[in-house]
Amino acid sequence: MSATAHDVPVIKVLPEPEGLPEPLPEPAVEELRLETVLGALSDPLRLTIVRKLLLESEAFDHTCGWFGLDRPKSSLTHHFKALREAGITRQRQYGLERRSHVRVADLDARFPGLLELVAAWDPDTP
């Protein structure tokens, strides 16, 4: 994890490659609702998914297998869908797989500072 001199996590924003498939249905920026976003982030697994995307992304977007989560595929599908429908992540279909990334610019525009809080969250601290 990258950090500044104040040990604040640095959010990784990778450039969008050309020729991507169209995103799956998601709310427009002006339709993002704080209560919906916070509701989706209230689940510790979804919070972990978003934090990992913000801090550890190795590519523009990632499949659910990249996260290394020991959960049934149906459970992961539900969590990724909840994040997309809340407007937190953007998903694209690549053949049989879906890849996700965080809508950093959109969320920063609507809810400044929210993603910094997510990035700073430590799952091991009560």
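Residues are called buried under 20% relative accessible area, exposed over 50%, and partly exposed in between. By this scale E97 is partly exposed, because its relative accessible area is 32%. The structure described here is a predicted model.

E97 takes part in a salt bridge with R99, in which the closest N and O atoms are 2.9 Å apart. R99 is likewise assigned to the partly exposed class, with a relative accessible area of 25%. R99 also lies over the face of an aromatic ring, that of Y94, at 3.9 Å from the ring centre. R99 is thus described by two kinds of contact, the salt bridge with E97 and the position over the ring of Y94.

In total, nine salt bridges were counted in the model. Among them are two that involve E26, one with R90 and one with R103. In the pair of E26 and R90, the closest N and O atoms are separated by 2.5 Å. E26 belongs to the segment before α1 (34-41), whereas R90 belongs to strand β1 (residues 89-94), so this salt bridge ties together parts that are 64 residues apart in sequence. In the pair of E26 and R103, the closest N and O atoms are 3.7 Å apart. R103 is located in the loop between β2 (97-102) and α4 (104-110) and E26 in the segment before α1, so this pair ties together parts that are 77 residues apart in sequence.

The three residues of these two salt bridges were also examined for accessibility. E26 has a relative accessibility of 25% and therefore counts as partly exposed. R90, at 16%, counts as buried. R103 is buried too, with a relative accessible area of 3%. Together with D106, the residues E26, R90 and R103 are linked in a network of salt bridges.

Another arginine, R84, is found in helix α3. R84 is buried but has no salt bridge. The nearest side chain of opposite charge is that of E85, at a distance of 4.6 Å. A salt bridge requires a side-chain nitrogen of Lys or Arg within 4 Å of a carboxyl oxygen of Asp or Glu. The side chain of R84 does reach the backbone oxygen of P25, at 2.6 Å. When neighbours within four places in sequence are left aside, R84 is in contact with L24, P25, E26, P27, T89, Q91 and R98. P25 is therefore listed among the contacts of R84, where contact means heavy atoms within 4.5 Å.

A contact with a backbone oxygen was also found for R110, a residue of helix α4. A polar atom of the side chain of R110 lies 3.3 Å from the backbone oxygen of V29. R110 and V29 are 81 residues apart along the chain, while their C-alpha atoms are separated by 7.3 Å. Residues up to four places away in sequence not being counted, R110 touches V29, E30 and L32. R110 is partly exposed, with a relative accessible area of 36%.

Aromatic rings were considered next. A pair of aromatic rings is described by the distance of the centres and the angle of the planes. Two aromatic pairs were counted. In the pair of W66 and F67, the ring centres are 4.9 Å apart and the planes stand at 80°, so the arrangement is edge-to-face. In the pair of F67 and F80, the centres are 5.3 Å apart and the planes are at 55°, so the arrangement is tilted. F67 lies in the loop between α2 (44-56) and α3 (73-86) and F80 in helix α3, so the pair ties together parts that are 13 residues apart in sequence.

W66, F67 and F80 form one aromatic cluster. Within this cluster, F67 is buried, with a relative accessible area of 7%, and F80 is buried, with a relative accessible area of 5%. A charged residue was also found at W66: K52 lies over the face of its ring, at 4.7 Å from the ring centre.

The last residue considered is V118, in helix α5 (residues 114-120). V118 is buried, with a relative accessible area of 5%. Not counting residues up to four places away in sequence, V118 touches L41, L47, V50, R51 and L54. The C-alpha atoms of V118 and K12 are 13 Å apart in space, and the two residues are 106 residues apart in sequence.

Notes:
Residues numbered from 1 in each chain as written. Predicted model: local features only at pLDDT ≥ 70, side-chain atom pairs only at ≥ 80, totals over all residues. Heavy atoms only, no water. Helix = DSSP H or I, 4+ residues; strand = E, 2+ residues; numbered from the N terminus. Buried < 20%, exposed > 50% of the residue type's maximum accessible area, 1.4 Å probe, protein only. Phe/Tyr/Trp six-rings, centres within 6.5 Å; stacked < 30°, edge-to-face > 60°. Lys NZ or Arg CZ within 6 Å of the ring centre and 35° of its normal. Lys, Arg positive; Asp, Glu negative; His and termini not counted. Polar contact = N/O pair within 3.5 Å; in protein donor to acceptor, adjacent residues only side chain to side chain.
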